[in-house]
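Q: Could you take a close look at the principal nonpolar core of this protein? Please describe what forms it, how the helices beside it pack, and how the rest of the chain relates to it.

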Amino acid sequence: MKRIPTIALAALLVASLGSADPDALDRRASLDLKDATAEEAFRSIAQITGVQIDLQGLSGERVSVELENVRVRTILTALCDSLGCRWELLDGKPPRLRIAAVPGERPEPRVKPSLAALDAAIDLKVTNASVRDLLETVGQITSTRPILDSAIGGKISLELENTPVRQVLDLVCKSAGCEWSLDAEKGILVVRPKAK
């Protein structure tokens, strides 16, 4: 599967699809978007698939999605599930991809996280758990969207009682060789390899 470099602000990795026909939507691709606008996400897909884009009612919406080796139609559906829209491939030369916001279908926004969430004490017992899965769980606990560098991985075992979330993050990152930061304004928990 061929990958392309980052397009605009969206770190978009999608297979080259050639001509835009319904079969192109069944080809496999990978996508990694971090806080991209809806316009960036869909326009990048449209550019790669060779379709024209007709985007209705999604101005200013943002999305983060990570999908690996899935069909392009699955990527489109995942984006629309996140943004509260519907997509449709229309005939024409070239074909047109219509994406329209659907009132009432946008998922409820998460509770805005606060730095105080890092001081909440939790009990945690994991054995040979995926570091990425554990960090995703911490994101749920703190109502944040984890953005994990692709280099973050490995397994971890911990048994903690009444431990502040920030200390849990410190212990996980000490074990995995990473560092974390919380952007409470954007609701993002960023985890990247520790700077040398």
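A: The account below begins with the overall arrangement, turns to the core, and then considers the helix pairs and several individual strand residues.

The model is a predicted one. The protein contains four helices and ten strands. Read from the N terminus, these elements follow the order β-α-β-β-α-β-β-β-α-β-β-α-β-β. Of the 196 residues in the protein, 42% are buried. Among contacts between residues at least 6 apart in sequence, 62% join residues at least 24 apart.

The core itself can now be considered. The largest nonpolar core comprises 26 residues, and F42, I75 and L79 have the most contacts inside it. Two or more residues are given to this core by each of strand 1 (28-37), helix 1 (38-49), strand 3 (62-71), helix 2 (72-83) and strand 5 (96-101). Helix 2 supplies the largest share, with seven residues. As a general matter, nonpolar side chains in soluble globular proteins tend to be buried together.

F42 merits particular attention. When neighbours within four places in sequence are left aside, F42 is in contact with I53, L55, L58, L76, L79, C80, L83, C85 and I99. One of these partners, L79, is itself among the residues with the most contacts inside the core. A separate core of 23 residues lies apart from this one, and its members include L118, V126, L134 and V191.

The two helices that contribute to the largest core also pack against each other. The axes of helix 1 and helix 2 come within 11 Å and cross at roughly 165°. Helix 1 is therefore roughly antiparallel to helix 2. Their crossing is left-handed. On the side of helix 1, the contact is made by A38, A41, F42, I45 and T49, while helix 2 contributes V72, I75, L76, L79, C80 and L83. By class, this contact has ten nonpolar residues, one polar residue and no charged residues. The residues with the most contacts inside the core, F42, I75 and L79, thus appear in the contact between these helices as well.

A second helix pair is found further along the chain. Helix 3 (residues 131-141) and helix 4 (residues 165-176) pack at an angle of about 165°, and their axes are 11 Å apart. Helix 3 is therefore roughly antiparallel to helix 4. Helix 3 passes helix 4 in a left-handed crossing. Helix 3 takes part in the contact through V131, L134, L135, V138 and I141, and helix 4 through V165, V168, L169, V172 and A176. The residues of this contact comprise ten nonpolar ones, with no polar and no charged residues. L134, a residue of this contact, also belongs to the separate core of 23 residues.

Some residues of the strands complete the picture around the largest core. Strand 3, one of the elements that give two or more residues to it, also holds N69. N69 is partly exposed, with a relative accessible area of 38%. The C-alpha atoms of N69 and L31 are separated by 8.2 Å, although the two residues are 38 residues apart along the chain. Strand 1, another contributor to the core, holds D35. D35 is not a glycine, yet has a positive phi of about 50°.

Strand 6 (residues 121-130) offers further examples, beginning with K125. At 62% relative accessibility, K125 counts as exposed. K125 and S157 are 32 residues apart in sequence, and their C-alpha atoms are 7.5 Å apart in space. Residues up to four places away in sequence not being counted, K125 touches L158 and E159.

D123 also lies in strand 6. With 60% relative accessibility, D123 counts as exposed. The C-alpha atoms of D123 and L160 are separated by 5.5 Å, across 37 residues along the chain. Beyond neighbours within four places in sequence, D123 is in contact with L160, E161 and N162. N128 is another residue of strand 6. Its relative accessibility is 51%, so N128 counts as exposed. N128 is a residue other than glycine whose phi is positive, near 50°.

Technical notes
Residues numbered from 1 in each chain as written. Predicted model: local features only at pLDDT ≥ 70, side-chain atom pairs only at ≥ 80, totals over all residues. Heavy atoms only, no water. Core = buried A, V, L, I, M, F, W, Y, C linked by side-chain atoms within 4.5 Å. Buried < 20%, exposed > 50% of the residue type's maximum accessible area, 1.4 Å probe, protein only. Contact = heavy atoms within 4.5 Å. Axes fitted to C-alpha atoms, helices over the stretch in contact; angles between N-to-C directions. Parallel < 35°, antiparallel > 145°, perpendicular 65-115°, else oblique. Left-handed = near helix turned anticlockwise from the far one by under 90°. Nonpolar A, V, L, I, M, F, W, Y, C, P; charged D, E, K, R; others polar.
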